[in-house]
Amino acid sequence: MAPVEEPAIDLPDGVFALGIASGDPAADSVVLWTRLIGDLPDLVPLLWEVAFDEGFLGLSGTGIVDTLADFAHSAHVVVAGLQPDRWYWYRFRVGGQVSPVGRTRTMPAAGQSGSGLRIGLGCCQRRDGGYWTAHDDIAGAGVDLFVWLGDFIYSETSSQPIPGREHRSKDPVDLAGYRARYADYRSDPALQTSSAAQPWVVTWDDHEVFNDYTSATIDPGRRADAYQAWWEHQPTRLAAPADTFEIHQFIDLGSLGRIVVTDTRQHADGSTLLGQTQRDWLAGALDHTGSWTVMASSVLVGGLLAPTQREPLLAYTWDGYPEERAWLAEQLARHPNRICVSGDLHVAAALEVRADPADRLLPVVATEFIAPAISSSFLDRYEPYLPLIPLTNAHIDYIEAANGWLLLELTPGKTTAEFRFVADVTVPSPTLLAGPSYEILSGGAMDRSG
Ligand SMILES: [Fe+2]
C-alpha cells in the first residue's frame, strides 16, 4: 500500500468534533463518513485510512477525499476491495489533526453465513428528551451492524426539555438550521461512540423534517433542505439528493439473509405508503434465497386495533393502508423466515403480522419487533392503557413503554431478539436492564424465552 500524504493545510482546531461513522456495508466495501466543522475554506482535502488492525500497522486502503462547503464539508468515502466478513479500523487526517479511530466491518460473502451476525436496532433520539446511555450500551455490546429506524434528530423543541439536554440550536426551517441541528446531535459523546463502534444502516421517519409531515403538508424547499442535511450527516452510500431522493435499499448478509430497509414517510399520501416505485422494488428485494429477511419500516407493520374497529388508531402506519399491507403480506408469505422491525411508537413490543390483524384465521406472515426509543418518551397519559392492548389485540404478545434498543442475533437456524433497556433517560448514568427475549427457529413461530 503506497502511502498517501496528509494534506498540509492550516485549519482551526477541532475539525473532527462531530465524530466519524461508517455505513451501508457490503461483502467487499463500506462507506466512511465524517463532517468537518469550523471556519473552513470552500474545499478541504482529507486523508482517509483503512487498516487491518487498531494500530494502523497494516493499511488496507488510503486516499484523499475532497470535502466541500456546498455539502457542509461532509465526506462519504466508498472503500472497495475489502475482504468479506471481517473487521477493519479507519480514521481521517488533515493538517496535523487526526479523527477518532472507528471500527467497521464487511458482511459475509454470497453463500457464506460466517458465525452469525449481531444486529442492533434503535430509533427516536430526542436530545432534549434525555441522555443517550443506550448508545454507550450498543457500543459495548459487540454489535456487527446497527440499523437506525428513524427520528435521528427532532426538528421541534420539547415543551419540557430535560435539564442539561436542551437543544443548542434553533428549531430548523432551512438548510443552515438543519445542519446546525445535526451538528448539535452529532456532538453527543454517546452517539459518537456508537457511530464509531460498528457500521450503521439508516432510514428516516418524520422528525428529520417535521412532526407528522406529508408531501402534501410540507414546503418542498424546506423538505429538500432537510433531506440534504440528512444526507450530509449519515454514512450513506447514496449520491447527494437531486430532484428525487430514494433511500430504500437492502443490505445482503451472505446466506444469513438480507436487511430490507424501506422509506415509509416520503411517499405516504393517503393512497399509498410506499409509492409505486418503492412498491415495485420491494417485491424484488424480498425475493432472495438467504435464511432470514429483516424488513425495516419506520412505522408499525402488524397493526394496532382500536377497541371499536371503525377506523385505524394510527392511520399513518400500515393500518392506514390495508390494501398495501395485504399486498405486503403476500410478498412476505413466500418465505418462512420473515422479521419486521419498526420504531416510532416509543415502546418495546413483539407481535405477529397478518394481512389483516383483525382476522385471526389468516396465516402469520412475519414476526414484528418494535425497537424502543433511545431517549424519546412515551406519553404519560396513555401509559395506563398499554397493559390493556393485548386484551383487544391478540396478535400483540408484549408491549411496554421503555427506552433502550433491540438486539437481533441471526444464525442460519435460529434468530434471537433481546430488548435492552435504560431505566431512566433523565439521568446521565442510569441502570441498564435486560428486557424480554424471544427465539425464532427457522421455519417456526416466535417463542418468548426470557
Ligand atoms: Fe419518535
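Helices α1 and α3 are roughly parallel to each other. The model is predicted. In it, α1 spans residues 133–140 and α3 spans residues 189–197. Their axes come within 8 Å. The crossing angle is roughly 25°. Angles under 35 degrees count as roughly parallel, and the pair is therefore placed in that class. The crossing of α1 past α3 is left-handed.

Residues from both helices make the contact. On the α1 side these are Thr133, His135, Asp136, Ile138 and Ala139. On the α3 side they are Ala190, Leu191, Thr193, Ser194 and Ala197. By class, the contact residues of α1 and α3 comprise 5 nonpolar, 4 polar and 1 charged.

A sheet of 7 strands was also identified. The sheet is open, and its pairing is mixed. The strand order runs β12-β13-β14-β15-β17-β16-β18. Strands β12 (249–252) and β18 (396–401) form the edges. Each of these edge strands pairs on one side only. From one strand to the next, the twist averages 15°.

At the β18 edge, the pairing partner is β16, which covers residues 347–353. Strands β16 and β18 run in the antiparallel sense. Their pairing extends over 5 bridges. One bridge joins Ala348 to Glu400 of β18.

Definitions and conventions. Residues are numbered from 1 along each chain as its sequence is written. This is a predicted model: local features need pLDDT of at least 70, side-chain atom pairs count only at pLDDT 80 or more; totals for chains, interfaces and linings use all residues. Axes are lines fitted to C-alpha atoms, for helices over the stretch in contact, and angles run from 0 to 180 degrees between N-to-C directions. Helices (H or I, at least four residues) and strands (E, at least two) are DSSP runs, numbered from the N terminus. Angles under 35 degrees count as roughly parallel, over 145 as roughly antiparallel, 65 to 115 as roughly perpendicular and the rest as oblique. A crossing is left-handed if the near helix is turned anticlockwise from the far one by less than a right angle, and right-handed if clockwise. Two residues are in contact if their C-beta atoms, placed from the backbone, lie within 7 Å. Ala, Val, Leu, Ile, Met, Phe, Trp, Tyr, Cys and Pro count as nonpolar, Asp, Glu, Lys and Arg as charged, and the others, Gly among them, as polar. Two strands pair if DSSP finds at least two bridges between them.
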